[in-house]
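Me: I am new to this structure and would be grateful for a close look at a single part of it, the sheet. Please describe how the strands are arranged and what packs against them.

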Amino acid sequence: MKSDYIKVKEKLKNQITFGSYKMNDKLPTETELMSTFSVSRYAVRKALTELQNEHFIYKVQGSGMYVEEWNKKWSANTESKTIGLICTHIADYIFPKVISQIDTEIGQENYSLLLANTHNNPEKERLSLIKMLDSQVAGLIIEPSESAKPNRNLDIYEQISKNKIPLLFINAKYPEIDAPVILNDDTLAEKNLITYLLKMGHKNILGLFQVDDIQGIHRMGGFMQAYQELSLDLSEGNIIMYSSHEPFDEISKKMDYYLKSDTRPTAIACYNDQLAINVLAKLKEMGLTIPEDISLVGFDNFDSSAYLGPGLTTMNYQRTRVGQEAGEGILALIKGKNFDSIVHHPQMQLRNSVKKIN
């Protein structure tokens, strides 16, 4: 079990870093903290002493403890040889190749990576940002968490901009922050993919889109545009929206409504290949054959998508190229050079998961 003082310290530190207490706000008295946390005066004093030593709070004699400007050491550090990389998922799917290529590019100039994994959680992103900024990294490469929602860490990004710390986004960006980004034209790519399905005779298409990320919002928009540009009735298709924190079992239950109906979809378009792999397994468990019973498409051209039974038709995400550009881009920004945003246009990778119907 954690010591009482550690619990007090961690809670107060969390309240400070997440903005419950603003700069120069006065903290509760020792007696009030003892009552709030049900701990001894010793535990409170030890917690406050450590927070003071770490420059989160300061003492005014006869008045009490106040929140210090704990972010004042955040500044551009041209002497640092460490670059921070914050991703939503670093250990699986498409990110290892992106990370490896970034590391290769910056390693040529003797920089190293400090990695953080947010699991698409803005709170974890905030803690990762604070850790990296406290470490005074030379620059930051960030894939935003829950990029379709309001930016809960805008105050920190404003400090990054104010202090001119080199910053580069990948896959999405926060619109309030003026920084370059490397991303895909997700709307056009998904529109092209759905247009292909429509021209193969599929009108009753079920789209599955992750909507807490802006990529999912844009892909869903591309889904609708494909119907509209071919003057087809969008009501013939259907869309399921889900959160990145939603387990596949929940998405599967939503799919059952359509898969068990009399007008079962003839094709399913998945937000990404990772989801498509789970959907493929579900369809096979239901005794359905791909593409004979239902056609299936994904997005990203994940390594294993070519080796599924059947191979998955998808859109190609250029992982190695994105990693190279991100590495080159952050180095340019660190050197004070311009780096313009880059928009990729994914190309379709046709395989055997789509059947032409009348």
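Reply: The following account takes the sheet first, then the helices that touch it, and lastly the cysteines.

The model is a predicted one. In it, 6 strands make up an open sheet, and their order across it is 4-3-5-6-7-13, with parallel pairing. Strand 4 (112-117) and strand 13 (342-344) are the edge strands, each of them pairing on one side only. From one strand to the next, the twist averages 15°.

Helix 4, which covers residues 95-107, packs on this sheet. Helix 4 touches strand 3, strand 4, strand 5 (139-142) and strand 6 (167-170), and its direction makes about 155° with that of strand 4. A second helix, helix 11 (residues 319-334), lies across strand 3, strand 5, strand 6, strand 7 (181-184) and strand 13. Helix 11 runs at about 165° to strand 6.

The pairing at the strand 4 edge can be followed in detail. Strand 3 (residues 82-87) and strand 4 run parallel and are joined by 6 bridges. Within this pair, Ile83 has Leu113 of strand 4 as its bridge partner.

Strand 3 spans residues 82-87, and Cys87 has a relative accessibility of 1%. Cys87 therefore counts as buried, since that value is under the 20% cut-off. Cys270 is likewise buried, because its relative accessible area is 1%. As for covalent links between cysteines, the structure holds 0 disulfides.

Definitions and conventions
Residues numbered from 1 in each chain as written. Predicted model: local features only at pLDDT ≥ 70, side-chain atom pairs only at ≥ 80, totals over all residues. Heavy atoms only, no water. Pairing = 2+ DSSP bridges. Helix = DSSP H or I, 4+ residues; strand = E, 2+ residues; numbered from the N terminus. Axes fitted to C-alpha atoms, helices over the stretch in contact; angles between N-to-C directions. Contact = heavy atoms within 4.5 Å. Disulfide = S-S within 2.5 Å. Buried < 20%, exposed > 50% of the residue type's maximum accessible area, 1.4 Å probe, protein only.
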